[in-house]
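Open the model in your viewer and keep the sequence panel visible. The stops below are meant to be taken in order, each with something to select.

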Amino acid sequence: MSKPLVRAVMILTWMVMGLVAALIILLIVMFRNWNQPPTFASEESTEETIIASAPAAAPAPPDYWISPDIATVPSDADGDLILYGKDLIAHTSKYLGPKGSVAQISNGLNCQNCHLDAGSKPFGNNYSAVASTYPKFRARSGTEETIPKRINDCFERSLNGQALPNDSKEMQAIVAYINWLGTGVPKGESPKGSGITALAFMDRAADPDIGKVVYVDRCQSCHGADGAGMMNPEGTEYTYPPLWGPHSYNDGAGLFRLSRFAGYVYDNMPLGASHENRQLTPEEAWDVAAFVNSQERPHKNTKADWPDQSKKPVDHPFGPFTDSYPEKQHKYGPFQPIADAHKK
Ligand code: HEC
Ligand code: HEC
């Protein structure tokens, strides 16, 4: 072979080998990409980031009040009084109900039936704003009310019973517990999630007939067709508290106002519902409130209430009123026209 021919063959061989090598590299790269499609790869990597960042990023703290931890109650005489107070809230009937071991001064309800988790549940009519805002002037009595006075309002109305003496151990325990719950709440402040949610008014009257359908579907299985609830087998307290009838709250109680009842059930009923996990629409809450509060219940003489009648809330169902709206509209709504009239 001539020298130039040999050189040409060698160049050609190198070129072919170079091409083959390039092809192999290309194939390897493509093969790897087939094994790990880009979408899969990126999903996996985000998953990894989430897992990796999970322990570092603690869940965002809620923007509403959270109860102090009951385990932080001191183990001394003060602490014992606080824990007794908590037990009185949770099991009022055992101590002070019709068969109460301390006294028989109330209807068998527990404070906790309406102030859920012993008054510690966010949006569950909790006591977080009590220590910080009492004593305070209340228009219903027209006086400056202390915490014991406010507690006794619930004994006389919500528990359709008698007042607990201010100097009794039981009253002191309940006050001690409520004050402890308010630990850390600045004076004068009502934290978010305290008390009962205020629902927007409907533009129609709440309807007891629609509410009855809600009741039968969503409430009756626990509270009963006759609204009487169900006692525990020992007969010491309610497993399901009554919503009307002789053992329920009287017509002077907070829940007898439609807005209080609707706000309470909206965030808390049926049992298991919460602010984060509501189970009723606002309309269902208003209508079921109208149904329940149109049933029979004990009457309380509240003639001394609201010495300044212009301060009555729009949904206070008993006249006389300083506006021209009838009792029926004050009970069932529509409330917005009354509210507007009061603003003038
Ligand atoms: C049938 C339901 C019911 C029961 C039972 C009940 N309460 Fe109440 N309580 C209410 C309602 C409704 C309010 C008013 C909430 C509102 O308007 O935001 C209230 C308000 C209060 C307040 C004032 C809260 C505040 O932030 O101003 C205190 C204190 C209180 N109750 C204590 C008690 C105690 C103690 C018991 C048990 C002896 C009790 N309640 C039982 C329904 C009830
Ligand atoms: C699964 C059973 C269950 C269902 C269903 C249920 N509740 Fe209750 N309800 C309870 C229990 C239990 C309590 C007392 C909570 C406690 O003590 O912790 C309660 C308390 C109440 C209270 C305050 C206490 C009282 O007796 O006045 C009202 C008002 C109330 N429920 C209304 C309703 C309404 C309205 C519905 C339907 C929308 C409903 N509940 C559905 C179990 C239930």
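Colour the chain by pLDDT before anything else. This is a predicted model, and the mean pLDDT of the protein chain is 91. Of its residues, 90% reach 70 or more. Now select residues 33-52, where pLDDT stays under 50. For this stretch the model has one contact beyond four places in sequence.

**Whole chain**

Switch to a cartoon view. The secondary structure comes to 15 helices and four strands. Buried residues make up 35% of the 344 residues in the protein chain. Among contacts between residues at least 6 apart in sequence, 64% join residues at least 24 apart.

**Ligand 1**

Select ligand 1 and display the residues around it. The shell holds 24 residues, and the closest are Cys 111, Cys 114, Cys 154, Ser 158 and Gly 254. Two elements, α5 (111-114) and α8 (147-156), give two or more residues to this shell. Which element gives the most to the shell around ligand 1? It is α8, with four residues. Coloured by class, the shell around ligand 1 shows 15 nonpolar, seven polar and two charged residues.

Next, give domain 1 (70-181) and domain 2 (208-343) separate colours. Both domains give residues to the shell around ligand 1, so the ligand lies between them.

**Ligand 2**

Keep the domain colours and move to ligand 2. Of the 23 residues around ligand 2, Cys 219, Cys 222, Pro 241, Met 269 and Pro 270 come nearest. The elements that give two or more residues to this shell are α5, α11 (220-223) and α12 (258-268). Helix α5 is thus a contributor to the shell of ligand 1 and to that of ligand 2. By class, the residues around ligand 2 are 17 nonpolar, five polar and one charged. Domain 1 (70-181) and domain 2 (208-343) each supply at least three residues to the shell around ligand 2.

**The nonpolar core**

Hide the ligands and look at the protein interior. In soluble globular proteins, nonpolar side chains tend to be buried together. The largest nonpolar core here has 56 residues. Select Ile 174, Tyr 177, Val 265, Val 288 and Ala 289, which have the most contacts inside this core. At least two core residues come from each of α3 (77-90), α4 (92-96), α5, α8, α9, α10 (208-218), α12 and α13. Helix α9 gives the most to this core, with nine residues. The core draws at least three residues from each of domain 1 (70-181) and domain 2 (208-343).

Stay on Tyr 177 and show its contacts. Leaving aside neighbours within four places in sequence, Tyr 177 is in contact with Ile 82, Gly 85, Lys 86 and Ile 89.

**Tyr 332**

Select Tyr 332, which lies in helix α14. Is Tyr 332 buried or exposed? Tyr 332 has 24 other C-beta atoms within 10 Å, and 20 or more are needed to count as buried, so this residue is buried. Beyond four places in sequence, the contacts of Tyr 332 are Ala 205, Ala 206, Leu 258 and Ala 290. Draw a distance between the C-alpha atoms of Tyr 332 and Leu 258: they are separated by 7.1 Å, although the two residues are 74 apart along the chain.

**Two cis peptide bonds**

Go to Gly 319 and Pro 320, which are joined by a cis peptide bond with omega about 0 degrees. Pro 320 is found in the loop between α13 (282-292) and α14 (327-332). Then step along to Gly 333 and Pro 334. The peptide bond from Gly 333 to Pro 334 is also cis, with omega near -5 degrees. Pro 334 is in the loop between α14 and α15 (336-343).

**Two asparagines with positive phi**

Select Asn 125, in the loop between α6 (116-119) and α7 (130-133). What is phi of Asn 125? It is near 60 degrees, a positive value in a residue other than glycine. Asn 125 is buried, because 23 other C-beta atoms lie within 10 Å.

Finish at Asn 160, in the loop between α8 and α9 (169-181). Phi of Asn 160 is near 35 degrees, again positive in a residue other than glycine. Asn 160 is also buried, with 23 other C-beta atoms within 10 Å.

How values were computed: Residues are numbered from 1 along each chain as its sequence is written. Chains are lettered from A and ligands numbered from 1 in the order in which they are written. This is a predicted model: local features need pLDDT of at least 70, side-chain atom pairs count only at pLDDT 80 or more; totals for chains, interfaces and linings use all residues. A residue is near a molecule or strand if its C-beta atom, placed from the backbone, lies within 6 Å of it. Ala, Val, Leu, Ile, Met, Phe, Trp, Tyr, Cys and Pro count as nonpolar, Asp, Glu, Lys and Arg as charged, and the others, Gly among them, as polar. Domain bounds come from an automatic or database domain assignment. A residue is buried if 20 or more other C-beta atoms lie within 10 Å of its own, exposed if 12 or fewer, and partly exposed in between; C-beta atoms are placed from the backbone. Two residues are in contact if their C-beta atoms, placed from the backbone, lie within 7 Å. A nonpolar core is a set of buried Ala, Val, Leu, Ile, Met, Phe, Trp, Tyr and Cys residues joined through C-beta atoms within 7 Å. pLDDT is the predictor's confidence in each residue, from 0 to 100.
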